[in-house]
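Some labels in a structure rest on a number and a cut-off. The questions below ask how a few of those labels are earned.

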Amino acid sequence: MTKILPFKAVRPTREYAGLVASRSYEDYGDDELKAQLEYNPYSFLHIINPGYKFQHEIGGEKRFGMVKNRYLEFKEDHIFKQDDEPCYYIYKIQTREASCCGIIAAASAEDYGRDVIRRHEDTIAHREELFKDYLKVVGFNTEPVLLTYPDDTTINELLNERMKSRPEYEFATSNKETHSLWLIDDNENIKKIKARFETMEKIYIADGHHRSASSWLLAKESKESNPRHTGKEAYNFFMSYLISESNLRIFEFSRLIKDLNGHSKEEFLILLDEWFRIENRGFEIYRPSKKHHFNMYLDGEFYSLYLRKTNYKFTNSLSELDSYILYEKILKPVLGIEDLRNDNRISYIHGRNDLIELKTRVDNGEFEVGFGMLPAEIEEIKQIADENLTMPPKSTYIEPKLRSGLTIYEF
C-alpha cells in the first residue's frame with residue numbers, strides 16, 4: 001500500500017505565480033541568473049540565493065538560515081499564502097513537443113524506507129547528510145521528487161474532468177512552456193485519489209533520489225528525538241510530483257571523453273572490435289535505432305558500434321542496460337574512466353540536445369571522442385529497481401522538469 005496524501009501548500013498568490021516560479025538553480029547561466037535576480041524581485045531564486053541581497057556569496061549552515069529568512073520575508077510580504085485545507089494539486093506542463101500532467105502530493109518517507117517507493121540510482125552519503133541538514137534548518141520542500149506509477153483510469157478521468165475548469169494558475173515562460181495548476185480540494189475526489197494510490201504495491205523514483213533519501217534521514221532523526229512521535233507529523237512526508245508512466249519522457253546522456261587513454265586511433269578501434277562490430281559511417285550523422293547499438297564520433301567521422309552478443313553474456317537487467325555496457329566494455333577497461341561522477345576526463349550531454357553539439361565539441365578539440373545510445377525504457381528502470389540494482393550515473397535524463405516555488409511543503 002502506497003501512502004500519498006494531500007497537504008496544505010504554501011504557494012504564491014495568483015498575481016505573483018508566473019513571477020515567482022523559477023527553473024532549477026543549476027539551469028541558469030551566470031548572466032541569466034544575474035538578470036533574474038536584478039530585475040525580478042519576486043523570483044524564487046532570491047530565496048535559494050539569499051546572499052544576493054548583500055552582494056555576497058554565502059555557504060554552509062549560514063546560507064541555510066538565510067534561505068529560511070528570505071522565505072519568511074516572502075510570506076510576510078504576502079507573496080506566499082498557505083491553503084486552509086489539505087489539497088492535491090494538478091500540475092500541467094505544455095511544451096512545444098509534448099504535454100504532461102501529474103499530481104503534487106505528500107509521499108511517505110516510511111514508504112521510501114520500506115522500498116515501497118523504489119529507487120534505481122545510488123546516492124552519495126555526504127550529499128544525503130547535507131540535504132538533510134538543509135531541510136532541518138529551512139523546514140520546507142520546494143522541489144518535488146518525481147515519482148511514477150502505472151497508468152490508472154480512475155485517476156486519469158478525475159484529472160481530465162478537473163482540468164476542464166479554470167486553473168488556479170496559468171502562465172507562459174520564455175522557453176515557450178505553459179504551466180497550469182488546479183486544486184483538488186473536495187473530500188470526495190481526495191478520497192478517490194488517496195484510495196487509488198493505496199492499491200499500488202510500489203511506485204518508482206524517476207528523479208530526485210537524493211531528495212528522497214535526505215527526507216528519509218530527516219524523518220528517522222526527527223522520530224528518534226520526538227518522544228510523542230505518531231507517524232502523522234509533517235516531517236514523515238516529502239513533496240512529490242506523481243506522474244503516470246505514459247506521461248514520463250526519458251532521454252539518454254551522451255558521453256564525451258577528453259583523450260583515448262594513451263591509445264592511437266587505430267589501437268583504440270582494434271580494442272573496441274573485441275566487443276563491437278564497427279562500421280565507419282563517415283560524415284553521416286548516425287543515430288542508433290536499436291538497443292545495444294551505439295554511435296561514436298571520432299576524428300571527424302561517425303561510427304556505428306553493434307554489441308557482439310555472442311561474446312557478451314546477459315546476467316541480469318543491469319547487464320542489459322546500454323549505459324552499463326558502454327561503461328563495462330569501453331569507458332572503464334579501454335579509456336580508464338572508473339569514476340563516472342568525478343573523473344574530469346568525462347562529460348555528458350543530455351539527449352534533449354542534438355548530436356551536432358557532440359560533434360562540435362569533439363571537432364573544436366575540447367574532447368577526443370563521443371558516444372551515444374538510445375534512451376532507457378521505463379520497464380528497464382523498474383526492473384533494475386525491483387532487482388535492487390543501481391544504474392550507472394547519468395543513465396537517464398527525465399522530464400518533466402518542474403518550476404520551483406509554485407507549491408511548498410512545510411514541516
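Q: Which residues of H4 are buried?
A: This is a predicted model. In H4, the buried residues are Phe64, Met66, Val67, Arg70, Tyr71 and Phe74.

Q: What covers the buried residues of H4?
A: The cover includes helix H3 (45-48) and helix H6 (125-138). It also includes strands S2 (10-12), S3 (80-82), S7 (140-141) and S21 (409-410).

Q: How do you know that the span of H4 is close to the expected one?
A: Helix H4 covers residues 60-76, which is 17 residues. Its first and last C-alpha are 25 Å apart. The expected span, at 1.5 Å a residue, is 24 Å. The two values are close.

Q: What phi does histidine 78 take, just after H4?
A: Histidine 78 takes a positive phi, about 60°.

Q: Why is serine 180 called buried?
A: Its relative accessibility is 5%. Buried means under 20%, so serine 180 counts as buried.

Q: Where is serine 180, and what does it touch?
A: Serine 180 is in strand S10 (residues 178-184). Leaving out residues up to four places away in sequence, serine 180 touches Ile90, Tyr91, Lys92, Pro167, Tyr169 and Glu170.

Q: How many aromatic pairs does the structure hold?
A: There are 17 aromatic pairs.

Q: What makes the pair of phenylalanine 253 and tyrosine 397 edge-to-face?
A: The ring centres are 5.8 Å apart, and a pair needs centres within 6.5 Å. The planes stand at 85°, and over 60 degrees counts as edge-to-face. So the pair is edge-to-face.

Q: Which parts of the chain does this pair link?
A: Phenylalanine 253 is in strand S14 (residues 253-257). Tyrosine 397 is in strand S20 (residues 397-399). The two are 144 residues apart, so the pair links distant parts of the chain. Both residues are buried.

Q: Why is the pair of tyrosine 312 and phenylalanine 314 called edge-to-face?
A: The centres lie 5.2 Å apart and the planes are at 70°. That angle is over 60 degrees, so the pair is edge-to-face.

Q: Why is phenylalanine 314 called partly exposed, and tyrosine 312 buried?
A: Phenylalanine 314 has 34% relative accessibility. Partly exposed lies between 20% and 50%, so the label fits phenylalanine 314. Tyrosine 312 has 6%. That is under 20%, so tyrosine 312 counts as buried.

Q: How do you know that the charged end of arginine 119 sits over the ring of tyrosine 112?
A: The charged end is 4.5 Å from the ring centre. The distance limit is 6 Å.

Conventions
Residues are numbered from 1 along each chain as its sequence is written. This is a predicted model: local features need pLDDT of at least 70, side-chain atom pairs count only at pLDDT 80 or more; totals for chains, interfaces and linings use all residues. Side-chain values use heavy atoms; hydrogens and water are left out. Helices (H or I, at least four residues) and strands (E, at least two) are DSSP runs, numbered from the N terminus. Buried means under 20% relative accessible area, exposed over 50%, partly exposed in between (1.4 Å probe, protein chains only). Contact means heavy atoms within 4.5 Å. The expected span of a helix is 1.5 Å times one less than its number of residues. Rings of Phe, Tyr and Trp (its six-membered ring) pair if their centres lie within 6.5 Å; planes under 30 degrees apart count as stacked, over 60 as edge-to-face and the rest as tilted. A charge sits over a ring if NZ of Lys or CZ of Arg is within 6 Å of the ring centre and within 35 degrees of the ring normal.
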